[in-house]
Amino acid sequence: MREIYLLSGLGADKRVFDFIDLSEFSLNYLDWIEPKDKESIESYASRLLPQIKTTLPILIGVSFGGMIAVEISKLIETDKVILISSAKSKLDIPIYFRIAGNLGLNKLMPPQLLKITNGLTFWFFGTKTQGEKELLRRIIKGTDSRFLKWAVDKIVNWKNVTQIGNLTHIHGTSDKILPLKTSDFKMHNGGHLMILNRGDELSRLIKNILN
C-alpha cells in the first residue's frame, strides 16, 4: 500500500482531512513541532523528516502545509507532491503579503488578533455552513500563538523559487487568502478551505493524479 504523508494548514490539525477519502492508501499525519527562535522554514522542514518512515513518500499539503511539503521535497526524494490551496514558490504569495514581509509589518500584529474569528474570517476562508465555521473556529482557537506568529512570518518572507518536477497544484478560483495565479487543476468557486466542502471532488481528483 502506498504511503501518503499529510500536512495540514497553518497550525491546523488532521481534522481538515476528514472530508476527503483516501482509504485505499496508507495515511500518515505529520505533526507540527515547536519552531526554534528565528528558525528558517528550511531548518524547520528538515526537523520534520524523522516523522517520514518510508522512501519515496507521497506528500499532500494544504495551505502552509503545502509550502512545507515543497521544502521537504527539496531535501528528500518523493513519489509525488500534491498542493491544495497552497503555493509552489514565492511567486504564488500575493505581492501585498511579500511587501508586508519585507517591511516587517507582520511582526507588528499581535498573534491574538490573528486568532479572532468573525464574519470576515469566514468570508476569507470560504467557510459557509455552520459546521464548517465551528470547525474553523476550533482550529484557530487551538493554534499555538507562537507557532502562528512564526508561520505567518515564514509565509510572507518565503524565498523559494525551486520548481518541483513531480508536483501537482490544485487551487480554487475563489481563494481569497492565496488568490489563484497558476495551478495544474482549478476548482471553480473553490475557496481557501475547499478541502472542507469540496471533499468528494478533491478525493476523485487526487486518486486520478496518483493512479
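A cavity is a set of grid points where a 1.4 Å probe fits but cannot get out, and its lining residues have an atom within 4 Å of a point. The model analysed here is predicted. The structure holds 1 cavity of 30 Å³ or more. The largest cavity encloses about 40 Å³ of space. Its lining consists of Ser 86, Asp 92, His 169, His 171, Leu 178, Pro 179, Leu 180, Lys 181 and Thr 182. By class, 3 of the lining residues are nonpolar, 4 are polar and 2 are charged.

Helix H2 spans residues 64–73 and is mostly covered. Of its 10 residues, 10 are buried. Among them are the glycines Gly 65 and Gly 66. Phe 64, Met 67, Ile 68, Ala 69, Val 70 and Ile 72 are buried as well. So are Glu 71 and Ser 73. Both strands and helices contribute to the cover of H2. The strands include E1 (3–7), E3 (58–62), E4 (80–84) and E5 (167–172). The helices include H1 (41–48) and H7 (145–156).

Pro 35 lies in the loop that runs between strand E2 (26–29) and H1. Is this loop residue, Pro 35, buried or exposed? Its relative accessibility is 3%, so Pro 35 counts as buried, the cut-off being under 20%. Leaving aside residues up to four places away in sequence, Pro 35 touches Tyr 44, Arg 47, Arg 146, Phe 147 and Trp 150. One of these, Arg 47, is 12 residues from Pro 35 along the chain. The C-alpha atoms of Pro 35 and Arg 47 are 9.4 Å apart.

How values were computed: Residues are numbered from 1 along each chain as its sequence is written. This is a predicted model: local features need pLDDT of at least 70, side-chain atom pairs count only at pLDDT 80 or more; totals for chains, interfaces and linings use all residues. Side-chain values use heavy atoms; hydrogens and water are left out. Buried means under 20% relative accessible area, exposed over 50%, partly exposed in between (1.4 Å probe, protein chains only). Helices (H or I, at least four residues) and strands (E, at least two) are DSSP runs, numbered from the N terminus. Contact means heavy atoms within 4.5 Å. On a 1 Å grid over the protein atoms alone, a cavity is a set of points where a 1.4 Å probe fits but cannot get out, and a pocket is an open set with protein on both sides within 12 Å along at least five of seven lines; lining residues have an atom within 4 Å of a point. Grid points are joined across faces, edges and corners, and a volume is the space filled by probe spheres set on the points. Ala, Val, Leu, Ile, Met, Phe, Trp, Tyr, Cys and Pro count as nonpolar, Asp, Glu, Lys and Arg as charged, and the others, Gly among them, as polar.
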